[in-house]
Amino acid sequence: QVQLVESGGGLVQAGDSLRLSCAASGRSFSTYNMGWFRQAPGKEREFVAFISYSGGSTAYVDGVKGRFTISRDTAKNTVYLQMNSLKAEDTAVYYCAAGGNYANTGSYRSYRYWGQGTQVTVSS
């Protein structure tokens with residue numbers, strides 16, 4: 001079992017930056033692929049970013065490429081999502097997920113464990 005706790009969300013203005021953190025605990029955290037998803041009101045949960053268990057492979061949804069960066073610190077059992085040049089459309093609850101497989105890293109169905117989410121609100 002992996003427990004995930006997100007933090008770092010808040011209210012910012014368009015163009016600002018924000019760093020989300022996902023603190024993980026449990027057995028073999030370093031063996032899990034990790035992902036960030038987001039969900040805006042009335043919308044489906046959307047894939048945002050993926051990072052492999054080794055940190056050697058990443059992927060992003062088109063809308064955040066060049067602005068967001070996912071990373072992980074295995075020593076701290078923490079995954080980060082650095083968000084730059086935030087836009088109003090980035091407003092959502094952001095969720096950290098663990099256990100994604102390589103077959104479909106962009107699908108929420110691919111992840112076994114989930115955090116409770118952290119709210120990111122970007123004003124324009």
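Me: Which residues is Leu81 in contact with, leaving aside its neighbours within four places in sequence?
Reply: In this predicted model, contact means heavy atoms within 4.5 Å. With those neighbours within four places left aside, the partners of Leu81 are Leu18, Arg19, Leu20, Trp36, Val48, Ala49, Phe68, Thr69, Ile70 and Tyr94.

Me: What pLDDT do local features need in this predicted model?
Reply: Residues are numbered from 1 along each chain as its sequence is written, and side-chain values use heavy atoms, with hydrogens and water left out. In this predicted model, totals for chains, interfaces and linings use all residues, side-chain atom pairs count only at pLDDT 80 or more, and local features need a pLDDT of at least 70.

Me: Which residues touch the most other members of the largest nonpolar core?
Reply: A nonpolar core is a set of buried Ala, Val, Leu, Ile, Met, Phe, Trp, Tyr and Cys residues joined through side-chain atoms within 4.5 Å. Buried means under 20% relative accessible area, exposed over 50%, and partly exposed in between, with a 1.4 Å probe and protein chains only. Among the 36 residues of the largest core, the most other members are touched by Leu4, Met34, Trp36, Leu81, Met83 and Tyr94.

Me: Which strands each supply at least two residues of this core?
Reply: Strands are DSSP runs of E with at least two residues, numbered from the N terminus. Those that each give this core at least two residues are strand 1, strand 3, strand 4 (34–39), strand 5 (46–51), strand 7, strand 8, strand 9 and strand 11 (118–123).

Me: Which side chains of strand 1 are buried?
Reply: Strand 1 covers residues 2–7, and its side chains alternate between two faces. Gln3, Val5 and Ser7 point to one face and are not buried. The other face does have buried side chains, those of Val2, Leu4 and Glu6.

Me: What is the bridge partner of Ser7 in strand 3?
Reply: Two strands pair if DSSP finds at least two bridges between them. Strand 1 and strand 3 (residues 18–26) are antiparallel, with six bridges. Within this pairing, Ser7 has as its partner Ser21.

Me: How many residues apart are Cys22 and Cys96?
Reply: A disulfide is a pair of cysteine sulfur atoms within 2.5 Å, and one is counted by that rule. Cys22 and Cys96 form it, with an S to S distance of 2.1 Å, and both are buried. The link is left-handed, at -80 degrees about the S-S bond. It ties together distant parts of the chain, with Cys22 in strand 3 and Cys96 in strand 9 (residues 92–98), and their separation is 74 residues.

Me: Which residue of strand 8 stands opposite Ser71?
Reply: Strand 7 (residues 68–73) has Phe68, Ile70 and Arg72 on its covered face, while Ser71 belongs to the uncovered one with Thr69 and Asp73. Six bridges hold strand 7 to strand 8 (residues 78–83), and the two run antiparallel. Opposite Ser71 is Tyr80.

Me: Which residue takes a positive phi in the hairpin of strand 7 and strand 8?
Reply: This hairpin has four residues between its strands. The residue is not a glycine, although its phi is about 50 degrees. With 26% relative accessibility it counts as partly exposed, and it is Asn77.

Me: What is the relative accessible area of Ser85?
Reply: Ser85 lies in the loop between strand 8 and strand 9. Its phi is positive, near 50 degrees, in a residue other than glycine. Ser85 is partly exposed, and its relative accessible area is 41%.
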